[in-house]
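Happy to go through this one with you at the bench. Here is the structure, followed by some questions about how its features earn their labels.

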Amino acid sequence: MANIKLKDICKTYPNGVSAVDQFNLDIEDKEFVIFVGPSGCGKSTTLRMIAGLEDITSGELSIDGQIVNEVPAKDRDIAMVFQSYALYPHMTVYDNIAFGLRRRKLSKAQIDEKVKEAAKILDLESQLKKKPKELSGGQKQRVAMGAAIVRNPKVFLMDEPLSNLDAKLRVQMRLEIAQLHERLGATIIYVTHDQTEAMTLGTRIVVMKDGVIQQVDTPDNLYANPANLFVAGFIGSPQMNFMDVTVREDEEDICLQLGDMLLPLPKDKRKKLQGKGYQDKEVILGIRPEDIKDSEIFINTFPRWMVEADVQVYELLGAEALLHFEYAGSRLVASVHSRTKIREGDTVRLALDLEKAYLFDKETQQAVI
């Protein structure tokens with residue numbers, strides 16, 4: 001497989017629009033790297049530059065130490081899987097998988113061996129004589145992956161391959177792609193706008209916004225330690241709650257003023273914030289829905305973190321329930337156990353677990369603690 005290095009990669013179109021700006025990333029052999037971000041953030045453009053389907057305006061792209069900026073797509077030893085499947089409708093599954101091998105002039109026996117091996121890996125052995133119109137969406141995507149696998153490329157590039165599938169199939173195919181990565185030991189770069197896909201598949205995730213990398217990290221670190229407000233809000237479902245608060249500091253305490261309330265920061269967060277010049281300044285408090293508690297034990301243990309509010313919307317999502325409410329001008333969501341007795345219209349006591357809270361600078365939007 002392959003190591004890939006992107007150094008100061010930029011893509012600017014003739015009209016002056018910058019699609020990708022100063023993209024720097026080292027991808028190790030056998031890594032599964034996800035590019036994630038909202039539509040128009042530059043993730044697919046970056047993937048297409050790696051594939052050779054899009055020219056690089058400036059910067060340096062190397063694969064296994066060889067600079068490939070000017071190397072044609074067909075000579076980069078890369079296989080790409082698209083969301084549209086890109087299958088030939090008049091060909092059988094067997095012929096679709098074999099197509100690239102025939103163009104490389106492999107013998108009939110070699111082609112047959114590789115196609116059947118890929119079909120076995122992807123559970124397509126019983127589908128080889130069928131045409132694409134006879135297949136489900138998931139089977140079509142497997143055929144597209146089979147056509148990539150048989151080439152035994154250095155790198156697999158996948159551009160939103162599951163976006164055309166229904167929710168159940170997406171879950172199933174995520175599992176199959178993860179298993180495929182393990183089995184092949186392949187280097188995979190995968191583009192998605194779905195942060196759930198990113199969190200469940202990637203060994204590392206590249207979060208992008210407006211053509212710029214916001215953070216590169218493992219799924220765990222990305223969720224636990226977001227670098228800025230954008231990453232904090234993008235990663236996690238439901239997304240993190242944000243509130244405008246003012247830092248109040250005296251000799252003993254650092255508190256966050258939220259409306260009429262003063263919320264004392266726990267000791268470790270107090271130490272991190274102390275001396276950073278935020279006294280009497282507005283910052284953004286971030287707290288995930290699962291860290292707003294309805295437990296009476298928690299509320300009684302930390303009464304100074306308790307807020308009282310009216311539940312505006314109650315949503316049952318199986319194992320959890322979401323409580324939507326408003327406090328001090330902020331619309332908030334708490335994720336609680338589905339067995340809660342709380343319903344719409346109830347006035348409830350909820351506690352913000354400030355041990356798991358985040359603070360962001362209001363101007364730079366970078367994480368403070």
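Q: What makes up the protein chain, in helices and strands?
A: The chain of this predicted model holds 10 helices and 20 strands. Its C-alpha trace spans about 80 × 45 × 35 Å along the principal axes. Of the 369 residues, 49% count as buried. Among contacts with a separation of 6 or more, 66% link residues 24 or more positions apart.

Q: Why is aspartate 64 called partly exposed?
A: Its relative accessibility is 36%. Buried means under 20% and exposed means over 50%, so aspartate 64 counts as partly exposed. You will find aspartate 64 in the loop between β4 and β5 (66–67).

Q: What is notable about phi of aspartate 64?
A: Phi of aspartate 64 is near 50°, a positive value in a residue other than glycine. Most residues other than glycine have a negative phi.

Q: Where is aspartate 280, and why does it count as partly exposed?
A: Aspartate 280 sits in the loop between α9 (267–273) and β14 (282–287). Its relative accessible area is 45%, and partly exposed is the range between under 20% and over 50%, so the label fits. Phi of aspartate 280 is positive as well, near 65°.

Q: How do you know that arginine 174 has no salt bridge?
A: The nearest side chain of opposite charge is that of aspartate 194, 5.0 Å away. A salt bridge needs a side-chain nitrogen of Lys or Arg within 4 Å of a carboxyl oxygen, so this pair does not qualify. Arginine 174 is nonetheless buried, and its place is in helix α5 (residues 167–184).

Q: What makes the pair of arginine 174 and threonine 200 a polar contact?
A: Their side chains are joined at 3.2 Å. The cut-off is 3.5 Å between N or O atoms, so the distance meets it. Leaving aside residues up to four places away in sequence, arginine 174 touches Leu162, Thr196, Glu197, Thr200 and Leu201.

Q: How do you know that β1 pairs with β2 and with β4?
A: Pairing takes at least two bridges. Strand β1 (residues 4–12) and strand β2 (residues 18–27) share six bridges, while β1 and strand β4 (residues 58–63) share five. Both counts meet the requirement, so both are pairs, each in the antiparallel sense. Threonine 12 stands opposite serine 18 in β2, and isoleucine 4 stands opposite isoleucine 63 in β4.

Q: What lies between β1 and β2?
A: The two strands form a hairpin with five residues between them, and glycine 16 in the turn has a positive phi of about 95°.

Q: Why do β15 and β18 count as edge strands?
A: The open sheet of five strands runs β15-β19-β16-β17-β18, with antiparallel pairing. β15 (292–293) and β18 (330–337) each have a single partner strand, so one side of each is left without a neighbour in the sheet. For β18, strand β17 (residues 320–327) is paired with it over eight bridges, and glutamate 320 stands opposite histidine 337.

Q: Which residues of helix α2 are buried, and what covers them?
A: In α2 (residues 93–103) the buried residues are Val93, Tyr94, Asn96, Ile97, Ala98 and Leu101. Their cover includes α3 (108–121) and α4 (137–149).

Q: What makes the bond between serine 237 and proline 238 a cis peptide bond?
A: Omega is about -5° for this cis bond. Proline 238 has its place in the loop between α8 (229–234) and β11 (241–249). Most peptide bonds are trans.

How values were computed. Residues are numbered from 1 along each chain as its sequence is written. This is a predicted model: local features need pLDDT of at least 70, side-chain atom pairs count only at pLDDT 80 or more; totals for chains, interfaces and linings use all residues. Side-chain values use heavy atoms; hydrogens and water are left out. Helices (H or I, at least four residues) and strands (E, at least two) are DSSP runs, numbered from the N terminus. Buried means under 20% relative accessible area, exposed over 50%, partly exposed in between (1.4 Å probe, protein chains only). Contact means heavy atoms within 4.5 Å. Lys and Arg count as positive and Asp and Glu as negative; His and the chain ends are not counted. A polar contact is a pair of N or O atoms within 3.5 Å; within protein, one must be able to donate a hydrogen and the other to accept it, and residues adjacent in sequence count only if both atoms are side-chain atoms.
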